[in-house]
Amino acid sequence: MTSGSPVNWAGFAAAEPGLAGTVEARFGAYPHHVLATLRKDGSPRTAGLEVRFLTGELWLGMMPDSLKALDLRRDPRFALQANPGDGTGMGGGDVRIAGRAVEVEDPRTKAGYVREVEPPEPFHLFRTELTEVVRTRVEDDKYLVVEIWQPGRPLRTVRRA
């Protein structure tokens with residue numbers, strides 16, 4: 001894997017299993033998260049979204065012709081932030097994923113997703129190629145700790161007092 005080449009969820013989990021487990025748990029704690037896409041004019045659009053981790057992939061499913069799906073068809077770049085939950089505890093920290101969304105048209109792949117998730121049909125299905133995963137947390141009520149993973153690079157940890 002060369003530096004900067006996007007990887008799927010399985011590739012990230014193999015590179016950083018501890019961080020991947022934490023990120024997946026944060027997304028699993030609540031069903032709805034925030035997806036950012038790019039509009040035609042390049043400005044950001046945010047929308048609620050459910051995500052799934054299945055078969056080594058991070059999947060994004062969307063209603064037919066939703067604006068976020070049309071945005072991703074036009075420009076596949078996205079950012080995804082886990083629901084922070086109730087209050088200010090943010091157990092496990094704040095997690096964000098950036099990358100590209102690739103629409104899945106293959107009927108067999110979509111059928112496998114339908115068997116697992118049972119989404120309302122029809123729907124758009126995107127698999128993700130990750131370019132960055134970030135976890136931000138507070139340590140010892142004293143430090144802000146930011147963990148940054150990018151494909152082909154070692155995990156970087158920044159601590160701020």
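E50 has a relative accessibility of 37% and therefore counts as partly exposed, a class that lies between buried (under 20% relative accessible area) and exposed (over 50%), calculated with a 1.4 Å probe on protein chains only. This is a predicted model, in which local features need pLDDT of at least 70 and side-chain atom pairs count only at pLDDT 80 or more, while totals for chains, interfaces and linings use all residues. Residues are numbered from 1 along each chain as its sequence is written, and side-chain values use heavy atoms, with hydrogens and water left out.

The side chain of E50 meets that of R52 in a salt bridge, meaning that a side-chain nitrogen of Lys or Arg lies within 4 Å of a carboxyl oxygen of Asp or Glu. R52, at 29% relative accessibility, is likewise partly exposed. By this rule the count comes to 12 salt bridges, including those in the table.

| Salt bridge | N to O distance |
|---|---|
| R52 and E50 | 3.7 Å |
| E147 and R135 | 3.2 Å |
| E147 and R137 | 3.7 Å |

The pair of E147 and R135 ties together parts that are 12 residues apart in sequence, because E147 lies in strand 8 (residues 143-149) and R135 in strand 7 (residues 124-139); strands here are DSSP runs of E with at least two residues, numbered from the N terminus. E147 is buried, with a relative accessible area of 11%, and R135 also counts as buried, at 15% relative accessibility.

E147 also forms a salt bridge with R137, and this pair links strand 8 with strand 7 across 10 residues. Taken further, R135, R137, E139, E147 and R159 are linked in a network of salt bridges.

How values were computed: Helices (H or I, at least four residues) and strands (E, at least two) are DSSP runs, numbered from the N terminus.
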